Amino acid sequence: MKITDAKVFVGGPAKNYVTLKIMNDQGVYGLGDATLNGRETMTATYLRDYLTPNLIGKDPRNSEDIWQFFYRGAYFRGGPIAMSAFGAIDMALWDIKGKLAGMPLYQLFGGKSREGAMVYAHATGADLEDLMDSIAWYVEQGYKAVRVQCGVPGMPTASYGVSEEKGANRNYITDFSGIQPKVEIWDTDRYMRYMPGALARIRERFGPDLRILHDVHHRLLPREAAEFAKEVEPVRLYWLEDPTPAEDQDALKLLRQHSTVPIAIGEVFNSIWDCNKLIENELIDFIRVAVTHVGGITPAKRIVDLAGLHHVRTGFHGAPSHSPLSMAAQAHLNAWAPNFGIQEYLVLGTPECDALFPSAHRLENGMFHVSDAPGLGVDFDEKEVARYSYKPGSLPVVRLEDGTLWNY
Ligand code: EZ4
Ligand code: CO
């Protein structure tokens, strides 16, 4: 069996999804997602210019060898662009494998460990009152878990993941008005003084059962994060996400000595080498890698297994920039993983998105139910993708009030 062709598409409804389609000589094709938010043309170019020409003629069933060939073969290893491009290839090869076997991917991993996978949504508000309305909306829809972010009084601009506009209570991250980023101003002191009380009020209003998550988006230093984690302990968060900058695997040691708040980190990681110490030293409770950005299902599964040895559960990244293909790859891992925790899930199901990526996966009452179709269980409509073109966009950058550049 041989790979005969591979095509790369860029575009989608309000997103620049990068989609890879790998064809073989048996007429079976596989699909993969290489979307890297804010750098989409880079993964597309890497795939087109370097990777897909090397796929032609290879046996698509040898997904492990193909992964090693690209990873080791690059010599200069790692990085988000390369790993996301490898991720798309790996996902597409697993899709082919599942279709050849006539089985949904979760069967190839070891079958279902649960009926549905709990997801969390993003509630956000310009202020706390606005956020409360947003949370109430998700609770009404049946969500069992919500990530909560709101504006901080006196903060010169909106804080992470929050719109400045009242009532616009969804998620605002990528700005597609151009390639030059918006600048947001951050004030750690105001955030630290305000947010613990706001979280306490959310717990008071919604009661003990709702799972409440909060994302710090890497903005605190280790000592500040330890203080913050200690202070929010009575709220009983499901997790505190990215409290410290993610490059430093030692940054969570101080927090761990001072607080028992569950910690989740990993959405910016590109490989197991970014999180092996965090896992082995049991400094985290949830690992948040995205299957695309760590190089696909093959390496993601190794991370899940390492995490399982150390009581670390999964909480895969599920930002809106991930296409339904990588969300499906994660859904199959979620159905199987003995150490599954939760899945980040943003309402992707617009009619345009469903037309581009038809599937029978479904979300019901805050639980994700994976389809039984062979492979990833998501198709791709090439006629639909022709309606879209690449839109330059950017994530904001963050500065302190004096101009110092900070972590987004
Ligand atoms: O800001 O994925 O938990 N989720 C997040 C994300 C990130 C975006 C960046 O592309 O923090 O929403
Ligand atoms: Co996050």
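This report covers the cavities, one pocket and one buried threonine of a predicted model.

**Cavities**

The model holds four cavities of 30 Å³ or more. The largest of them has a volume of about 70 Å³, and the second largest has a volume of about 50 Å³.

The lining of the largest cavity is made up of Q149, C150, S159, Y160, V162, W186, Y191, M195, H214, D215 and V216. Three elements each give at least two residues to this lining: β5 (145–150), α6 (188–206) and β7 (211–215). Sorted by class, seven of the lining residues are nonpolar, three are polar and one is charged. D215 is charged because Asp counts as a charged residue, and D215 is part of the lining of the largest cavity.

Around the second largest cavity lie K112, R114, E115, G116, A117, A331, N334, A335, F368 and V370. Helix α11 (residues 324–336) gives the largest share of this lining, three residues. Here the classes divide into five nonpolar, two polar and three charged residues.

**The second largest pocket**

The second largest pocket encloses about 440 Å³ of space. Its lining has 23 residues, and those nearest its centre are Y345, G349, D354, H361 and L363. Two or more lining residues come from each of α11, α12 (351–356) and β13 (362–364). By class, 14 residues of the pocket lining are nonpolar, six are polar and three are charged. Helix α11 thus appears in two linings, that of the second largest cavity and that of the second largest pocket.

The table sets out the classes of the three linings.

| Site | Nonpolar residues | Polar residues | Charged residues |
|---|---|---|---|
| Largest cavity | seven residues | three residues | one residue |
| Second largest cavity | five residues | two residues | three residues |
| Second largest pocket | 14 residues | six residues | three residues |

**Threonine 124**

T124 belongs to strand β4, which spans residues 117–125. Is T124 buried or exposed? T124 has a relative accessible area of 1%, so this residue is buried; the cut-off for buried is under 20%. The side chain of T124 also comes to 3.3 Å from the backbone oxygen of G161.

Note on methods
Residues are numbered from 1 along each chain as its sequence is written. Chains are lettered from A and ligands numbered from 1 in the order in which they are written. This is a predicted model: local features need pLDDT of at least 70, side-chain atom pairs count only at pLDDT 80 or more; totals for chains, interfaces and linings use all residues. Side-chain values use heavy atoms; hydrogens and water are left out. On a 1 Å grid over the protein atoms alone, a cavity is a set of points where a 1.4 Å probe fits but cannot get out, and a pocket is an open set with protein on both sides within 12 Å along at least five of seven lines; lining residues have an atom within 4 Å of a point. Grid points are joined across faces, edges and corners, and a volume is the space filled by probe spheres set on the points. Helices (H or I, at least four residues) and strands (E, at least two) are DSSP runs, numbered from the N terminus. Buried means under 20% relative accessible area, exposed over 50%, partly exposed in between (1.4 Å probe, protein chains only). A polar contact is a pair of N or O atoms within 3.5 Å; within protein, one must be able to donate a hydrogen and the other to accept it, and residues adjacent in sequence count only if both atoms are side-chain atoms.
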